[in-house]
Amino acid sequence: MPDFEPVLLKRINAKANPWLDAYRADGGYRGVTKALNEMTPAQVIDVVKNSGLRGRGGAGFPCGVKWTFLPKDHPGPIYLCVNADESEPCTFNNRILMEHDPHQVLEGILLASYATKASVAYVYLRYEYGVAYRNMQKAIDELYANNLLGKNILGKDFSLEVYLHRGAGAYICGEETGLIESLEGKRGWPRIKPPFPAVEGAFRKPTVVNNIETLACVTHVIDRGADWFKTIGIPPDPKNPRDAGSYGPKLYCISGHVNTPCCVELPLGITVRELVDRHGGGVWKGRKAKGCIPGGISMGMMTEAEFDTPLDFNGPGKVGCLGLGTAAVTVFDETTSIVDVLYNICRFFAHESCGQCTPCREGTGWMMKMLDRIRHGQGRKEDLEILDEVAKSIGIMPGTTICGLADGAGWPVKNAIAKFRPELEEYIRAGQKTTVALEMAH
Amino acid sequence: MAYLSEDLRQQILAYIPRYPSKQAVTLPALHIVHDAMRCVSHEAIREIAEMLDLSPAQVHDTMTFYQFFREENAPLGQTRLWVCRSLACGLRGGDALLETFCEKLHVEPGGTTKDGKITLEFAECLGACEGAPAVMVNDEHRHCVTAEKVDALIGELS
Ligand SMILES: Cc1cc2nc3c(=O)[nH]c(=O)nc-3n(C[C@H](O)[C@H](O)[C@H](O)COP(=O)(O)O)c2cc1C
Ligand code: SF4
């Protein structure tokens, strides 16, 4: 493969100045100028639709198609909610974009708002990103001072306000309707859908929710065109009529037991092995990998033998994972106990379940308690069957919960039992880990 | 006299034009008060509610959903120090790091040092995984905080 020239990280890798003058000198806001002068909102939507850009927030929904779900000729207001909650464990690419190149993100926000006729964009930003918050605000202030935000942007019939809205440490506010409830000043309890946000979202008005990386991609799709975007990534599988393809660049996060944890930009479809070996500097301490979580912890687990799986929108599903997710790969080495990894994951979900749906609230807590018991040598032979049953019965897919948090909580448990059963059984039998000492032990 | 200072009230009121409903100012208002006063007291909740045309119960309901905000019985110290315990940090010693901080500061997670300088917390993924194990000082990340860097960090914050 010829060396890929970064798109989203281009200015960041070059350590370019993040502020407006420098961004413009590098060709920034060319897309906005083009859209406002030469394109109708419908044309902008068409280009994004034709580019095949799919949402980077986890669900992979085609971005332009989502925008067409807004009611036609609505009197407004229409809102854009920018999902900068990025709380999926092991994921940090949105942070890097906002901290180091805020205008690239803001240009995407302007373009998405123009296309969808949104008059206000709320950026729901997790509290933990203080630097991103201050850099985004500074960039927004620059835009207001330069007629790129506010009334009649660039003298055209397009006005937009952008406000940052800080979260308060709740993972569930990344789920799009939890986000909307939180924005409205309520508990971040996800809503039952339908109605979908496009029909009735923030403040009961039509609303588009998009992820930060998705919007950063929009910037380049409008500047360079749909055809260019499709030269990157993987086309649809001809044998799968429902596949919309995996086009464009992707920010992959690599962390855990690798030598050089980092965020790297590559065409969609890179394999886990290439990521780990080439970009993560290989597994640390000269060890071998036991496995990884492939796309944030909600997507399940892969064994080392599955590392040749391509990380596009289809790949992880072929080895039983939930999906591409956030494409954040966290490697655990051969000395790590799967029980410890699972306990850490289950503890997260038990802590972050919003508590609305009984199967999720009770199930996540139950799974954590069972793993804690197993971890401490009190496991029982029947535990794996019970864990598997709980994991399989919570979520939108089995139809027992309101949102997908519960599916994500069950998936790593199901995967671990299917893929690492001998190790789990051995741990339960012996009452302790039988492999070498652990990094995670305490 | 109002419990919240005029300055805090003005900061809160300045958010109202941003949203079509006053209730949406709840989180910004809670942050403003919490940052300045290190907790959100009952009296503060009452005044926020009054400014936003809500009942105090509505503000309290929202506030307690986010375990982030402290009530008046457990105010924050000067600095809030968060230690990440999620997977990427856990694989590189996050849990042990939290224990080290507990021992050195003589507090449990959630507690504040006797001199009121540091409140220690565990955090779920901070989004600083390339720098695991990571901590957060108020709202800014610190990367690769290995055991030998603990004393220096405590010294800086004390
Ligand atoms: C439990 C849960 C947490 C989520 N967290 C995030 C998040 O932090 N950031 C994000 O962009 N999307 C998150 N999502 C996905 C959003 O609901 C939504 O699909 C996404 O923001 C849409 O944007 P996109 O189409 O640009 O990807 C989460 C979903 C679930 C079920
Ligand atoms: S599935 Fe879990 S997180 Fe989602 S709404 Fe239900 S209880 Fe809340």
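Okay, let's start at Tyr252 of chain A. Which residue does Tyr252(A) stand opposite in β8(A)? Val264(A). By the way, keep in mind throughout that what we're looking at is a predicted model.

So what are the two strands around that pair? One is strand β7 of chain A, residues 249-256, and its partner is β8(A); they pair in the antiparallel sense. How many bridges hold that pairing? Six bridges. If you trace the chain from β7(A) to β8(A), you'll find five residues between them, and the two strands form a hairpin.

Now look at β8(A) on its own, residues 262-267. Five of its six residues are buried, so the strand is largely enclosed by the rest of the structure. For "buried", the cut-off is under 20% relative accessible area.

Let's move to another pair of strands in chain A. Strand β2, residues 120-125, pairs with β3(A), and this time the sense is parallel, over six bridges. If you want one spot to find on screen, go to Val123(A): its bridge partner in β3(A) is Leu164(A).

How does the chain get from β2(A) to β3(A)? There's a helix in this story, α8 of chain A, residues 130-145. Together, β2(A), α8 and β3(A) make a β-α-β unit, and that unit is right-handed. And is β3(A) enclosed or open? Strand β3, residues 161-166, has five buried residues out of six, so the rest of the structure largely encloses it.

Stay in that neighbourhood for a second, in the loop between α8 and β3 of chain A. Asn152(A) is found there, and Leu154(A) has its place in that loop too. What's odd about the backbone of Asn152(A)? Well, Asn152(A) isn't a glycine, yet its phi is positive, about 45 degrees. Leu154(A) also has a positive phi without being a glycine, and there the value is near 50 degrees. As for how covered they are, Asn152(A) is partly exposed, at a relative accessible area of 38%. Leu154(A) is partly exposed as well, at 29%.

While we're on backbone oddities, let's do the cis peptide bonds. Go to Gly76(A) and Pro77(A): the peptide bond from the one to the other is cis, and omega is near 0 degrees. Where is Pro77(A)? In the loop between α5 (63-68) and β1 (79-84) of chain A. Then scroll along to Pro194(A) and Pro195(A), two prolines joined by a cis peptide bond with omega at about 0 degrees. Pro195(A) sits in the loop between α9 (176-183) and β4 of chain A.

One more loop before the ligand. Gly28(A) is in the loop between α2 (20-25) and α3 (30-38) of chain A. Buried or exposed, this Gly28(A)? Its relative accessible area is 12%, so Gly28(A) is buried. Now here's something the sequence alone won't show you: Gly28(A) and Gln104(A) are 76 residues apart in sequence, but their C-alpha atoms are 7.4 Å apart in space.

Right, the ligand. How many residues surround ligand 1? 18 of them, and the closest are Gly57(A), Lys66(A), Asn83(A), Asn211(A) and Thr214(A). Sorted by character, that shell has nine polar residues, six charged and three nonpolar. The largest share of the shell, three residues, comes from strand β4 of chain A, residues 207-211.

Have a look at the backbone around the ligand, too. Oxygen atoms of ligand 1 reach polar backbone atoms at 3.0 Å for Glu176(A), 3.2 Å for Glu86(A) and 3.4 Å for Ser87(A). And how much of the ligand gets covered? Taken alone, ligand 1 exposes 610 Å², and the protein buries 88% of that.

Last stop, chain B. What's in it? Seven helices and four strands. Reading from the N terminus on, you get α-α-α-α-β-α-α-β-β-β-α. Along the principal axes, the C-alpha atoms of chain B fill a box of roughly 50 × 30 × 25 Å. And of the 158 residues in chain B, 58% count as buried.

That's my tour. If you get lost later, go back to Tyr252(A) and Val264(A), standing opposite each other, and start again from there.

How values were computed: Residues numbered from 1 in each chain as written. Chains lettered and ligands numbered in written order. Predicted model: local features only at pLDDT ≥ 70, side-chain atom pairs only at ≥ 80, totals over all residues. Heavy atoms only, no water. Near = heavy atom within 4 Å. Polar contact = N/O pair within 3.5 Å; in protein donor to acceptor, adjacent residues only side chain to side chain. Areas by Shrake-Rupley, 256 points an atom, 1.4 Å probe, with all protein chains shown as cover. Nonpolar A, V, L, I, M, F, W, Y, C, P; charged D, E, K, R; others polar. Buried < 20%, exposed > 50% of the residue type's maximum accessible area, 1.4 Å probe, protein only. Pairing = 2+ DSSP bridges. Right-handed = clockwise from strand over helix to strand, strands pointing away.
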